[in-house]
Amino acid sequence: MSNKRDVVFPADRHDLYELHRYSPAVRANGFLFVSGQVGSRKDGSPEPDLKEQVRLAFANLNAILAAAGCSFDDVVDTTVFMVDPHAQFEAIWEVVADYWGEAPYPNVTAVGVTWLSGFDFEIKVIAKLPE
């Protein structure tokens, strides 16, 4: 058995993967483990508008899910990170609702953090791969 990771890259990947040396997602045991996605432009810089940053994070996430043959409907576990949840949660959650789909929803853990490398929002997920 090979120890090589089964890595998934989106078709149009941004520069952060090489800059910070990580893979966007790894397939293992019927699941897709997606690295935290931020609202980065192609050059890796943060989108300055908060709501647009969240939309771009979901666009980056959805591109990875699509590259693995999944969609957000296949997500079973979600973790979101916010730099200033007290001030930004409501604005972020307005945008999140556009991507979350219908019930039953995936589980979610929201975490307040002090640093996201210049970003205000990050989302990481685990998705069930199609049979």
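This section describes the strand pairing, a buried asparagine, the nonpolar cores and the largest pocket of a predicted model.

Strand β3 (31-38) has a pairing partner in β2 and another in β6. Strand β2, formed by residues 25-28, runs antiparallel to β3 and is joined to β3 by four bridges. Within this pairing, Val-26 stands opposite Phe-33 of β3. The hairpin of β2 and β3 has two residues between the strands, and Asn-29 in this hairpin adopts a positive phi near 50 degrees. Strand β6, which spans residues 121-128, is likewise antiparallel to β3, and six bridges join the two. In this second pairing, Gln-37 is placed opposite Ile-123 of β6.

A polar side chain from helix α2 approaches the backbone of Val-38 and Ser-40. Asn-60 belongs to α2, which covers residues 50-67. Because its relative accessibility is 13%, under the 20% limit, Asn-60 counts as buried. A polar atom of the Asn-60 side chain lies 2.9 Å from the backbone oxygen of Val-38. The backbone oxygen of Ser-40 is 3.5 Å from a polar atom of the same side chain.

The largest nonpolar core comprises 27 residues, of which Leu-32, Phe-58, Leu-65, Phe-72, Phe-121 and Ile-123 touch the most other members. At least two residues of this core come from each of β3, α2, β4 (75-82), α3 (85-100) and β6. The greatest contribution is that of α2, with seven residues. Another core, of six residues, lies apart from the largest one and includes Phe-81, Val-113, Leu-116 and Phe-119. Ile-123 thus appears both in the strand pairing, opposite Gln-37, and among the core residues that touch the most other members.

The largest pocket has a volume of about 210 Å³. Its lining consists of Leu-16, His-20, Tyr-22, Ser-35, Gly-36, Val-38, Trp-115, Leu-116, Ser-117, Phe-119 and Glu-122. By residue class, six of these are nonpolar, four are polar and one is charged. Helix α1 (16-20) and strand β3 each provide at least two lining residues, and β3 gives the most, with three. Val-38, whose backbone oxygen lies 2.9 Å from a polar atom of the Asn-60 side chain, is among the lining residues. Leu-116 and Phe-119 also belong to the lining, and both are members of the six-residue core.

Technical notes
Residues numbered from 1 in each chain as written. Predicted model: local features only at pLDDT ≥ 70, side-chain atom pairs only at ≥ 80, totals over all residues. Heavy atoms only, no water. 1 Å grid on protein atoms, 1.4 Å probe; cavity = no way out; pocket = protein on both sides within 12 Å on 5 of 7 lines; lining within 4 Å. Points joined across faces, edges and corners; volume = space filled by probe spheres on them. Nonpolar A, V, L, I, M, F, W, Y, C, P; charged D, E, K, R; others polar. Pairing = 2+ DSSP bridges. Buried < 20%, exposed > 50% of the residue type's maximum accessible area, 1.4 Å probe, protein only. Polar contact = N/O pair within 3.5 Å; in protein donor to acceptor, adjacent residues only side chain to side chain. Core = buried A, V, L, I, M, F, W, Y, C linked by side-chain atoms within 4.5 Å.
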